[in-house]
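Here are some notes to go with your first look through this one. Have the viewer open and follow along point by point.

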Amino acid sequence: RPFAGLPFRRGGPSGRRPRGKDKQPPTYEAPRSIDEAVGLMAASGGAARILAGGTDLLVQMRAGSLAPGAIVDVKRIAEMTTIVEEAGGFRIGAAVNAAEIGEHAALRRAWPGGGEAINLIGSKQVQGRASAGGNLCNASPAADSAPALAAAGAILTVQGPKGRRELPVEKLHAGPGRTTLERGELLVSLALPARPPGSGDAYLRLIPRTEMDIAVVGCGVSLTMKGDTCVAARVGLGAVAPTVMLVEAAGAALAGSRLDDAALEKAAAACRAACRPIDDKRGTIAYRTKIAGVLLRRATLVAAKRAGEH
């Protein structure tokens, strides 16, 4: 019962909600095409919110921190709810739930790190509804999917009143809770590219508890090996800055090396240098900075092992 305790008006105007005693519940819309969804978002004047799994949206509404004028449910749009193999890679609809991604055998073989990051979103029950697209658009600095997808070189497709455009996943976030999506735009899908032979990826995070907690630091590494030499590498970091980061200096330190201690330390140092964390109850600035380098080393070795298996 995803809408339990939340009143909705079906159909009708999608403008901003009135305040005070005349306040009305949001309208509920269920478009069957992306064009229709974009039209509803644009017509709302910025008051509408997308519903995919609702694991963030409904919590925020119940807490009173968000009061949208309209809910646009995109789960009836085929392009946003399917996984398609294309050009040797995969296109994942933004509303595909985490459980379905985890059960896609070909995708998990090609991108095990990306898959394991997405499957860290909440509990098993939450994963049946939560989507990778929603996790990205919630724009939490600690989102598990973002560092792994940045390392993977994932490309997002968004559509709005001005048409379609593409952007790298690391360009989506503008700050905590904020994205670079323009008014009326929505995330349609994310694409994972084809993998060269000898490629592997991994995602590791540090959390205070054993499961279902928010990352203190998250690190994704994707690399391609030719024999004992790393010929290409990408590194993504999360929870150590206002937005996810693609740490290009760390990837450059790994590329061309045999992943020896010197290369790993150079890459770890690049990660530490890139960090811009905060002190909070989960960790200090110094602790988060140190752990970023530790996770880089560990995730790189896991990714290299997986590369040797392909």
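**Notes for a first look**

1. Start with the open sheet: 4 strands in the order β12-β13-β14-β15, with antiparallel pairing. At its edges sit β12 and β15 (245-246), and each of these pairs on one side only. Keep in mind as you browse that this is a predicted model.

2. Inside that sheet, have a look at β13 (residues 217-226) and β14 (residues 229-238). These two strands run antiparallel and share 9 bridges. If you want a spot to zoom in on, take T224, whose bridge partner in β14 is A232.

3. Next, go to strand β7 (residues 155-160). Is β7 largely enclosed or not, and why? Of its 6 residues, 5 are buried, so the rest of the structure largely encloses this strand.

4. Which strands does β7 pair with? One is β8 (residues 163-168), in the antiparallel sense and over 6 bridges. A hairpin with 2 residues in the link takes you from β7 to β8. For a landmark along this pairing, find Q159, which stands opposite R164 in β8.

5. β7 also pairs with β11 (residues 186-192), again antiparallel, this time through 5 bridges. Here the residue to click on is L156, as its bridge partner in β11 is L190.

6. Now for the charged pairs. How many salt bridges does a search of the whole structure find? The count comes to 15. I'll go through a few of them in the next points.

7. D144 and R205 form a salt bridge, with 2.7 Å between the closest N and O atoms. D144 belongs to the loop between α7 (132-137) and α8 (145-152), while R205 is in strand β12 (residues 199-206), so this pair ties together parts that are 61 residues apart in sequence. Are the two partners buried or exposed? Both D144 and R205 are buried. Since β12 is an edge strand of the sheet in point 1, you can find R205 by going back there.

8. K162 and E182 make another salt bridge, and their closest N and O atoms are 3.5 Å apart. K162 sits in the loop between β7 and β8, and E182 in the loop between β10 (178-179) and β11, so the pair ties together parts that are 20 residues apart in sequence. K162 has a relative accessible area of 74%, so it counts as exposed. E182, at 40% relative accessibility, is partly exposed. While you are on salt bridges, also look up D73, K75 and R76, which are joined into one network by salt bridges that share partners.

9. One more pair is E86 with R91, where the closest N and O atoms of the salt bridge are 2.8 Å apart. E86 is partly exposed, with 34% relative accessibility.

10. Last stop: the second largest pocket. It holds about 250 Å³ of space. What lines it? There are 15 lining residues, and P141, A142, I278, D280 and R288 are the ones nearest the centre. Sorted by class, the lining of this pocket has 10 nonpolar residues, 4 charged and 1 polar.

Terms used: Residues are numbered from 1 along each chain as its sequence is written. This is a predicted model: local features need pLDDT of at least 70, side-chain atom pairs count only at pLDDT 80 or more; totals for chains, interfaces and linings use all residues. Side-chain values use heavy atoms; hydrogens and water are left out. Buried means under 20% relative accessible area, exposed over 50%, partly exposed in between (1.4 Å probe, protein chains only). Two strands pair if DSSP finds at least two bridges between them. On a 1 Å grid over the protein atoms alone, a cavity is a set of points where a 1.4 Å probe fits but cannot get out, and a pocket is an open set with protein on both sides within 12 Å along at least five of seven lines; lining residues have an atom within 4 Å of a point. Grid points are joined across faces, edges and corners, and a volume is the space filled by probe spheres set on the points. Ala, Val, Leu, Ile, Met, Phe, Trp, Tyr, Cys and Pro count as nonpolar, Asp, Glu, Lys and Arg as charged, and the others, Gly among them, as polar. A salt bridge is a side-chain nitrogen of Lys or Arg within 4 Å of a carboxyl oxygen of Asp or Glu.
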